[in-house]
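Reader: I have a structure to go through and I'm new to this. Can we take it piece by piece?

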Amino acid sequence: MGVSKEELLRERLQPELMPKHVAIIPDGNRRWAKDRGLSPEKGHEAGKKVLGDLCRYCSKWGVQVLSAYAFSTENWSRPKQRQRRYGGHEI
């Protein structure tokens, strides 16, 4: 039985070098979906899954804060209906 990529990575992590706060700007969910012939909603679903995975990894690895800037200034110029929804969740 082999060792998973996650286990290998975890073995190499140095807790004293782990950041306390990680900030990300998710981008490209719609583009990712379009490149695969999928709907924008599917792209947002995939992005939501990746963000969830990232939350779990940060928790396991000792990152205390994860900030995700997910509502850009571009979103304010979109229709109100779309502004109220991001990735299927109310904001």
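Reader: Where do Tyr57 and Trp61 lie?
Author: Both lie in helix H3, residues 40-61, four residues apart, which is about one turn of the helix. Helices (H or I, at least four residues) and strands (E, at least two) are DSSP runs, numbered from the N terminus. This is a predicted model, where local features need pLDDT of at least 70, side-chain atom pairs count only at pLDDT 80 or more, and totals for chains, interfaces and linings use all residues. Residues are numbered from 1 along each chain as its sequence is written, and side-chain values use heavy atoms, with hydrogens and water left out.

Reader: How many aromatic pairs are there?
Author: The count is one aromatic pair. Rings of Phe, Tyr and Trp (its six-membered ring) pair if their centres lie within 6.5 Å; planes under 30 degrees apart count as stacked, over 60 as edge-to-face and the rest as tilted.

Reader: And why is the pair Tyr57 and Trp61 stacked?
Author: Because the ring planes of Tyr57 and Trp61 are at 15 degrees, with the centres 5.0 Å apart.

Reader: Is Tyr57 buried or exposed?
Author: Neither: Tyr57 is partly exposed, at a relative accessible area of 30%. Buried means under 20% relative accessible area, exposed over 50%, and partly exposed in between (1.4 Å probe, protein chains only).

Reader: Which residues of H3 are buried, then?
Author: Gly43, His44, Gly47, Gly52 and Cys58. For Cys58 the relative accessible area is 7%.

Reader: Different topic. How many disulfides does the structure hold?
Author: Zero. A disulfide is counted here as a pair of cysteine sulfur atoms within 2.5 Å. The sulfur of Cys58 is the nearest cysteine sulfur to Cys55, and it is 6.9 Å away. Cys55 is partly exposed, at 39% relative accessibility.

Reader: Back to H3. What does it span?
Author: H3 has 22 residues and reaches 31 Å from its first C-alpha to its last, close to the 32 Å expected at 1.5 Å a residue. The expected span is 1.5 Å times one less than the number of residues.

Reader: What comes just after H3?
Author: Gly62, which takes a positive phi of about 90 degrees.

Reader: How many helices and strands does the whole protein have?
Author: Four helices and four strands. From the N terminus on, they run α-β-α-α-β-α-β-β.

Reader: And how much of the protein is buried?
Author: Buried residues make up 14% of its 91 residues.
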